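Here is a friendly walk through one protein model, with an eye to the details a computational chemist may want to check. Have your viewer open and follow along.

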Amino acid sequence: MKSRMRRAVVGVATAALAGIALVAAPPAAANGTVAPLPEQGIGSESWAVTTSGGCANANATHYIIRLSGGGLATPINLSGLQPLSAIPALPTGTTPMTIQVPTNLDDAIGRGVKLPGVFDVSVTCRAAFNATALATFTGKITLSESADGIVFAAGAQPTAVTNSVKPKITGQAKVGSTLTASTGTWSPADATVTAAWKVDGKQVGTGLKYKVKSSDRGKTIVVEVTATVSGLTPGKATASVKVAK
């Protein structure tokens, strides 16, 4: 929590020093795509974006890079209003632009933003004193947290472990018998799977096997399987049986 608060304070300070306003320009239809460089990286390190084309508009003199979506209440301005000459790029140019992003993602993402998540990154070409978008390039970037802080990957990557085949319980549901749970099928396939047995909402055992106790007579036994992968929201699935009286 303290780390996320520190990033939030640093991000606000960085934005203030760069003259960055957390406001959005009028929306415009996308003229092409944008992707992060490198395609995968750590949020505390410098990064860039590359567009699929140029502004291709004689009135375009500046650009702005924004991060939006992914649960953000307000788009984050990552660059401030910058001249195309800094890239360098011509207003009427059509070749792809590679632009260094002055704000790293650790500083940009503050406390309260739910991760992992898929966000929209955009590069908008415009005139210096007119917020009308003359060309817009958009793309997806996935942000998650690791021991090193925020990490990113190009595109809309999975943000949670998902279940396609639910776990099952086999064995006789009677006192003295041993029940066995299958883990089900999960994506990603390399997820770490654990199981917990519950009766009346209280955990009574772990692992894939559980011996039915006399106190379980007439009650419903639930096995809850949890699948985890670092950086992704864990997945959960359950199966249940009722013990004979």
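The notes below cover the cores, the aromatic pairs, the disulfide, a small sheet and some backbone details. Please keep in mind that this is a predicted model.

**Two nonpolar cores**

Let us begin with the interior. In soluble globular proteins, nonpolar side chains tend to be buried together. The largest nonpolar core here has 32 residues, and the members that touch the most others are Val-49, Ile-65, Leu-67, Met-97, Ile-141 and Leu-143. Many elements feed this core with at least two residues each: strands E3 (47–51), E4 (62–68), E7 (98–101), E8 (117–127), E9 (130–146) and E10 (149–154), together with helix H2 (105–108).

Leu-67 is a good residue to select if you want to look at this packing in detail. Setting aside neighbours within four places in sequence, its contacts include Leu-72, Pro-75, Ile-76 and Leu-78. Further along the chain, Leu-67 is also in contact with Leu-105, Ile-109, Phe-119, Asp-120 and Val-121. Ile-141 and Leu-143 are contacts of Leu-67 too, and both of them appear among the core members that touch the most others.

There is also a second core, separate from the one above, with 20 residues. Among its members are Ile-169, Ala-191, Trp-197 and Val-223.

**Aromatic pairs**

How many aromatic pairs does a search of the whole structure find? The search gives two, and a pair of this kind is described by two quantities. A pair of aromatic rings is described by the distance of the centres and the angle of the planes. Here are the two pairs side by side.

| Pair | Centre to centre | Angle between planes | Arrangement |
|---|---|---|---|
| Trp-47 and Phe-152 | 5.8 Å | 45 degrees | tilted |
| Trp-197 and Tyr-210 | 5.6 Å | 20 degrees | stacked |

The tilted pair links distant parts of the chain, with Trp-47 in strand E3 and Phe-152 in strand E10, 105 residues apart. Both Trp-47 and Phe-152 are buried.

Why does the pair of Trp-197 and Tyr-210 count as stacked? Their planes stand at 20 degrees, and planes under 30 degrees apart count as stacked. Trp-197 belongs to strand E15 and Tyr-210 to strand E17, so this pair ties together parts that are 13 residues apart in sequence. Trp-197 is buried, at a relative accessible area of 0%. Tyr-210 is buried as well, with 4% relative accessibility.

**The disulfide**

A search of the whole structure finds one disulfide. It is formed by Cys-55 and Cys-125, whose sulfur atoms are 2.0 Å apart. The torsion about the S-S bond is -70 degrees, and the link of Cys-55 and Cys-125 is left-handed. This pair, too, links distant parts of the chain: Cys-55 sits in the loop between E3 and E4, while Cys-125 is in strand E8, 70 residues apart.

Are the two cysteines buried or exposed? Cys-55 counts as buried because its relative accessibility is 4%, under the 20% limit. Cys-125 is also buried, at 0% relative accessibility.

**A three-stranded sheet**

Strands E12, E13 and E17 form an open, antiparallel sheet in the order E12-E13-E17. Its edge strands are E12 (169–170) and E17 (209–211), each of which pairs on one side only. E12 pairs with E13 (residues 178–181) in the antiparallel sense over two bridges. Within this pairing, Thr-170 has Thr-180 in E13 as its bridge partner.

**Backbone details worth a look**

Two cis peptide bonds deserve a check in your viewer. One joins Leu-37 and Pro-38, with omega at about -5 degrees. Pro-38 lies in the loop between strands E1 (32–37) and E2 (40–42). Another runs from Ser-187 to Pro-188, with omega near 0 degrees. Pro-188 is placed in the loop between strands E14 (185–187) and E15 (192–199).

Positive phi values also turn up at residues other than glycine. Ala-56 has phi near 50 degrees and lies in the loop between E3 and E4. Ala-56 is partly exposed, at a relative accessible area of 48%. Asp-200 has a positive phi of about 55 degrees, and its place is the loop between E15 and strand E16 (202–206). Asp-200 counts as exposed because its relative accessibility is 58%, over the 50% limit.

Definitions and conventions:
Residues are numbered from 1 along each chain as its sequence is written. This is a predicted model: local features need pLDDT of at least 70, side-chain atom pairs count only at pLDDT 80 or more; totals for chains, interfaces and linings use all residues. Side-chain values use heavy atoms; hydrogens and water are left out. A nonpolar core is a set of buried Ala, Val, Leu, Ile, Met, Phe, Trp, Tyr and Cys residues joined through side-chain atoms within 4.5 Å. Buried means under 20% relative accessible area, exposed over 50%, partly exposed in between (1.4 Å probe, protein chains only). Helices (H or I, at least four residues) and strands (E, at least two) are DSSP runs, numbered from the N terminus. Contact means heavy atoms within 4.5 Å. Two strands pair if DSSP finds at least two bridges between them. A disulfide is a pair of cysteine sulfur atoms within 2.5 Å. Rings of Phe, Tyr and Trp (its six-membered ring) pair if their centres lie within 6.5 Å; planes under 30 degrees apart count as stacked, over 60 as edge-to-face and the rest as tilted.
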